[in-house]
Structure formats: structure tokens, C-alpha cells
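Work through the exercises below with the sequence and the model open. Each task is followed by a solution in steps.

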Amino acid sequence: MNKEKRYQILSRLRQHNPNPTTELEYGSPFQLLIAVLLSAQATDVGVNKATRKLFPAAPTAEKMLALGVDGIKDYIKTIGLFNSKAENAYKTCKILVENYAGEVPQDRAALEALPGVGRKTANVVLNTAFGWPTIAVDTHIFRVSNRTKLAPGKNVKEVEEKLIKVVPKEFKVDVHHWLILHGRYTCVARKPRCGSCVIEDLCEFKDKTSD
Ligand code: SF4
């Protein structure tokens, strides 16, 4: 895909959604970190349902630590892998309280050292809570980048590197959410909705649908 077309795709996505953000509900960087940690292999809707009760009871790392692992479990039982997620959330709170005065560090290495926090979670937190131009490639971004040919790659790392290289600076902070939302609602996995896609004329996918 050439530079001009890439620019047009990103401009159009911006035009349709000038202020994109996550669908996870949170009130602070700490709550976002916990919500993302809980969201592995779960839907944002399912996570929000649990955190609407968890966060009022434990809005800070100190308060969540006080809940204990079993206390956290009680709030997140409806989410897949809740046992290990509760353990990780508890251990993460402990480190935040002991080493960072309960705050979330704005530092990739420090974030990735937290239990249950990988590169993807760190990228989401740095991008969404702190406005860093990081791109967390999930299944949606991977699919949309490959289908459109915006940033094709064989694995998530390759797509992330490509996006970082080719996406112009003015789009870097928001591209992550535009592509996720586009993949979640329009360029869906099973059968993309090309007929109602705002970048249909620019996308280079060979098997477009008329839906
Ligand atoms: S035209 Fe189809 S394949 Fe291309 S981005 Fe839109 S929905 Fe996805």
C-alpha cells in the first residue's frame, strides 16, 4: 500500500471518530491497568460488568490490596480465568503500593514487570492512560492491518513494528483504537461488512463482501 492511500485511510477513520478511546470503563490509570489485566480472553462488556462493582469497592491499589485475593475473586467470578487474574491483580497492587506509592508507573519496563502485564497491556495503558503513541496489536488490529494491507505482517510483533514505522505522527496516538473498533464492528473476523465500511474504496482486501 502506498503512503498516500495509507494517509487517506487514517484520515477517514479520524473523520468518523475524532476522539476514539477504549470501551473499558475506568476512572484512573490504576483502574485501566486492572481492567486491561482482566480483559485477556474476555469481552469489554463482561469486564465492565464486574468492574462496575469492583472499582467502587476498591478504587485504588491500596484498597484492592486490602480486599485480598479471595475478596477480588468475589467480584470477578463472572470473568474467564478469574483465579489467576485475581492472583495477578493482587500481586500487582502489592508492587504498586510497595514500590510506586500506589501509582501506575509511566515506564514500559516497570509495567511489563508487573504480574499478568505483558507488552500488550503495557501498550494499552501507556497509550490510553498516558497518551503515548504506542500500538497494542490485538486480534482486531492484526486482522484489519493485514486485510487492508495498511501494515501487513505474519505475527503481532511484525504488524506492531510496521504500524510504528508507517503511521504518520499525527495519527499515532489514536490509530490503536480506530483499528480495534473497526475490527470489532465492521471488519469482523468471520465475514467483514465491506458494504458498510467507510474505507472500502481504499482497502486492498481481495475478497470484499457486499454486506
Ligand atoms: S473493505 Fe472489508 S475487508 Fe476492507 S477494511 Fe472494510 S470491512 Fe475490512
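**Exercise 1: an acidic residue after the last numbered helix**

Asp211 has a relative accessible area of 45% and is therefore partly exposed (buried means under 20%, exposed over 50%, partly exposed in between, with a 1.4 Å probe and protein chains only). The model is predicted, so local features need pLDDT of at least 70 and side-chain atom pairs count only at pLDDT 80 or more, while totals for chains, interfaces and linings use all residues. Residues are numbered from 1 along each chain as its sequence is written, and side-chain values use heavy atoms, with hydrogens and water left out.

Task: state which residues Asp211 touches, not counting residues up to four places away in sequence, and find its salt-bridge partner.

Solution.
- Step 1. Asp211 is placed in the segment after helix 10; helices are DSSP runs of H or I with at least four residues, numbered from the N terminus.
- Step 2. Its contacts (heavy atoms within 4.5 Å) beyond four places in sequence are Lys191, Arg193, Cys194, Gly195 and Ser196.
- Step 3. The C-alpha atoms of Asp211 and Arg193 are 5.1 Å apart, with their positions 18 residues apart along the chain.
- Step 4. The side chains of Asp211 and Lys191 form a salt bridge at 3.0 Å, N to O (a side-chain nitrogen of Lys or Arg within 4 Å of a carboxyl oxygen of Asp or Glu).
- Step 5. Both residues lie in the segment after helix 10, so the pair ties together parts that are 20 residues apart in sequence. Lys191 is partly exposed, at 47% relative accessible area.

**Exercise 2: aromatic rings**

Task: determine how many aromatic pairs there are, and classify the pair of Tyr7 and Phe171.

Solution.
- Step 1. Rings of Phe, Tyr and Trp (its six-membered ring) pair if their centres lie within 6.5 Å; planes under 30 degrees apart count as stacked, over 60 as edge-to-face and the rest as tilted.
- Step 2. By this rule there are 2 aromatic pairs.
- Step 3. Tyr7 and Phe171 have ring centres 5.1 Å apart and planes at 70°, so this pair is edge-to-face.
- Step 4. Tyr7 belongs to helix 1 (residues 3-16) and Phe171 to the loop between helix 9 (156-166) and helix 10 (175-185), so the pair ties together parts 164 residues apart in sequence.
- Step 5. Phe171 also pairs edge-to-face with Trp178, at 6.1 Å centre to centre and 65° between the planes.
- Step 6. Tyr7, Phe171 and Trp178 thus make one aromatic cluster. Within the cluster, Tyr7 is partly exposed at 32% relative accessibility, whereas Phe171 is buried at 0% and Trp178 is buried at 3%.

**Exercise 3: salt bridges within helices and in a network**

Task: locate the salt bridges of Glu98 and Glu161, then name the residues linked to Asp44 in a network.

Solution.
- Step 1. The search of the whole structure gives 14 salt bridges.
- Step 2. Glu98 bridges to Lys94 at 3.1 Å, N to O; both lie in helix 5 (residues 82-100), 4 residues apart, about one turn of the helix. Glu98 is exposed at 54%, and Lys94 is partly exposed at 35%.
- Step 3. Glu161 bridges to Lys157, with the closest N and O atoms 3.1 Å apart; both lie in helix 9, 4 residues apart, about one turn of the helix.
- Step 4. Asp44 lies in helix 3 (residues 44-57) and is buried at 15% relative accessibility. Salt bridges link Glu23, Asp44 and Arg184 in a network.

Methods:
Helix = DSSP H or I, 4+ residues; strand = E, 2+ residues; numbered from the N terminus.
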